[in-house]
Number of protein chains: 2
Amino acid sequence: MRAVCLLSGGLDSATTLACARRDGFEVYTIAYDYGQRHQVELECSKRVSGALGAAAHKVIKIDLRSFGGSALTDNIDVPKGRPTAEMGAGIPITYVPARNTVFLSIALAWAEVLGATDIYLGVNAVDYSGYPDCRPEYIEAFEKMANLATKAGVEGHGRLKIHTPLISLSKAEIIRLGVSLGVDYGLTHSCYDPVGGKPCGHCDSCQLRLAGFREAGLQDPLEYAG
Amino acid sequence: MRAVCLLSGGLDSATTLACARRDGFEVYTIAYDYGQRHQVELECSKRVSGALGAAAHKVIKIDLRSFGGSALTDNIDVPKGRPTAEMGAGIPITYVPARNTVFLSIALAWAEVLGATDIYLGVNAVDYSGYPDCRPEYIEAFEKMANLATKAGVEGHGRLKIHTPLISLSKAEIIRLGVSLGVDYGLTHSCYDPVGGKPCGHCDSCQLRLAGFREAGLQDPLEYAG
């Protein structure tokens, strides 16, 4: 029984991979080289895939940078601290246009070739930072579309399912779940803006992660720059 | 008023671009270098974009070949003639897994950056050769998902629309429409399996095109190999 798991190399996706393994799947992990400024995540992704016993790992190159429009791919400063009302509209500048849609679509292509009907994605609606493509109603709509898009949908052999095991968990709950499933968070990486190869400790993603470990009563195994 | 148009360089997508121009849009055309065996279509795409007055043209590289699974990207023979029942299941070997989903998703990312709420796609449900991602119910589901995926959907400024002006037309009707809108079909290309740079005249796509011109009472300006 095969599944495809999107694996960025961060805390959430590592935990999601552990869930897919727990559910009994032979898991094929996929990472994207999309022109992100923090390329270190691709190395983390590969290490996490191996450590959690994935069957294969693939890195797909897709140049979203050529469109512009996000602090994660453009030469725009990544804001420090958690988003505040004064920072403007509800969607942060670190949002990459249609990212989850592009990533899920490519994972769907691989799933179809593998004969897999299950895709795992580590989105989270609690700490989702205002990204529209992390909401449950979005995931549901993607799943519906995917079933109409593919051979499986036409020929009726197995309905495609998008699993989002973290969607309603807090960061602390995600960390406790991962630890219980044997995830080594020392291999993961979450920072939007690393300093000399180390997480900055100050961006939105670092602050969420650190607060999660604190709340879970655990020590983050990563060494921070700041 | 901006729109993004998927432009493969074939007859259908050229006609679709002409429709987008007729509808008054400033059109941004996008082509995909996805490891297809017939790279000549990328040249056609660029020429057609210029000839029909698009505002800009972008080629996005995405290596679907690394997944395998289709005669259009793998080293599998492209079948000659129209599909028959003996050729097996309803979906032909030239189907590229989740192709329209991947392509539309990337177009959606560009549309979001451009502030465009309209995407044009040249799919056709009449001569669709059994591809699941050319059906109206698929397009409708993609549109619904896209509106949940993006800033526009969250912030409510303009609903995203997927236009498929060819979806219920026969090949002959598409050709007549394109001619009336000034499309030069001599710049386009439709063959799955070109011979020495010329269309083969025998694959499914060539046969559909040739039958379309015959039925429209028009001469195909292309020179065929066979």
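**Exercise 1. The sheet of chain A**

Task: In this predicted model, work out the strand order of the open sheet in chain A and state how the strands pair.

Solution.
Step 1. Line up the five strands of chain A: the order is E3-E2-E1-E4-E5. The sheet is open, and the pairing is parallel.
Step 2. Look at the edges. Strand E3 (56-61) and strand E5 (161-163) of chain A each have a single partner strand, so one side of each has no neighbour in the sheet.
Step 3. Add the twist. From one strand to the next, it averages 25°.

**Exercise 2. One strand pair and its helices**

Task: Find how many bridges join strand E1 (residues 2-6) to strand E2 (residues 26-33) in chain A. Then place the helices H1 and H2 of chain A on the sheet.

Solution.
Step 1. Count the bridges: there are five, and E1(A) and E2(A) run parallel.
Step 2. Pick one bridge. Leu6(A) has Ile30(A) in E2(A) as its partner.
Step 3. Place helix H2 (residues 40-51) of chain A. This helix packs on the sheet and touches E2 and E3 of chain A. Its direction makes about 175° with that of E2(A).
Step 4. Place helix H1 (residues 11-22) of chain A. This helix lies across E1, E2 and strand E4 (118-120) of chain A. H1(A) runs at about 170° to E1(A).

**Exercise 3. The whole of chain A**

Task: Which pattern of helices and strands does chain A follow along its sequence?

Solution.
Step 1. Count the elements: chain A has seven helices and five strands.
Step 2. Read them in sequence: β-α-β-α-β-α-β-α-α-β-α-α.
Step 3. Turn to burial. Of the 226 residues in chain A, 51% are buried.
Step 4. Turn to contacts. Take those in chain A with a separation of 6 or more: 71% of them join residues 24 or more positions apart.

**Exercise 4. Two helices and a loop in chain A**

Task: Describe how H6(A) and H7(A) cross, then decide whether Pro194(A) is buried or exposed.

Solution.
Step 1. Two packed helices are described by the angle between their axes and the distance between the axes.
Step 2. The axes of H6(A) and H7(A) cross at roughly 70° and come within 7 Å. H6(A) is therefore roughly perpendicular to H7(A).
Step 3. Give the hand: the crossing of H6(A) and H7(A) is right-handed.
Step 4. Name the residues that meet. From H6(A) they are Lys171(A), Ala172(A), Ile174(A), Ile175(A) and Arg176(A). Those they meet in H7(A) include Leu208(A), Ala211(A), Gly212(A) and Phe213(A).
Step 5. Sort the contact residues of H6(A) and H7(A): seven are nonpolar, one is polar and four are charged.
Step 6. Now find Pro194(A). This residue sits in the loop between helix H6 (171-180) and helix H7 (204-216) of chain A.
Step 7. Count neighbours. Pro194(A) has 20 C-beta neighbours inside 10 Å, so Pro194(A) counts as buried; the cut-off is 20 or more.
Step 8. Check a distance. Pro194(A) and Met145(A) are 49 residues apart along the chain, and their C-alpha atoms are separated by 36 Å.

**Exercise 5. Around Glu143(B)**

Task: Which residues does Glu143(B) contact, apart from its neighbours within four places in sequence?

Solution.
Step 1. Locate Glu143(B): helix H4 (residues 136-149) of chain B.
Step 2. List the contacts: Leu160(B), Lys161(B) and Ile162(B).
Step 3. Check one of these. Glu143(B) and Ile162(B) are 19 residues apart along the chain, with their C-alpha atoms separated by 6.1 Å.
Step 4. Judge the exposure. Glu143(B) has 19 other C-beta atoms within 10 Å, so Glu143(B) is partly exposed.
Step 5. Follow Ile162(B) into the sheet. This residue lies in E5(B), opposite Ile119(B). Three bridges join E5(B) to strand E4 (residues 118-120) of chain B, and the two run parallel.

**Exercise 6. A helix pair in chain B**

Task: At what angle do helix H1 (residues 11-22) and helix H6 (residues 171-180) of chain B pack?

Solution.
Step 1. Read the geometry: the angle is about 45°, and the axes are 9 Å apart.
Step 2. Classify the angle. H1(B) is therefore oblique to H6(B).
Step 3. Give the hand: H1(B) passes H6(B) in a left-handed crossing.
Step 4. Name the residues. Leu11(B), Asp12(B), Ala14(B), Thr15(B) and Ala18(B) in H1(B) meet Ile174(B), Leu177(B) and Gly178(B) in H6(B).
Step 5. Sort the contact residues of H1(B) and H6(B): five nonpolar, two polar and one charged.

Key. Residues are numbered from 1 along each chain as its sequence is written. Chains are lettered from A and ligands numbered from 1 in the order in which they are written. This is a predicted model: local features need pLDDT of at least 70, side-chain atom pairs count only at pLDDT 80 or more; totals for chains, interfaces and linings use all residues. Helices (H or I, at least four residues) and strands (E, at least two) are DSSP runs, numbered from the N terminus. A residue is buried if 20 or more other C-beta atoms lie within 10 Å of its own, exposed if 12 or fewer, and partly exposed in between; C-beta atoms are placed from the backbone. Two residues are in contact if their C-beta atoms, placed from the backbone, lie within 7 Å. Two strands pair if DSSP finds at least two bridges between them. Axes are lines fitted to C-alpha atoms, for helices over the stretch in contact, and angles run from 0 to 180 degrees between N-to-C directions. Angles under 35 degrees count as roughly parallel, over 145 as roughly antiparallel, 65 to 115 as roughly perpendicular and the rest as oblique. A crossing is left-handed if the near helix is turned anticlockwise from the far one by less than a right angle, and right-handed if clockwise. Ala, Val, Leu, Ile, Met, Phe, Trp, Tyr, Cys and Pro count as nonpolar, Asp, Glu, Lys and Arg as charged, and the others, Gly among them, as polar.
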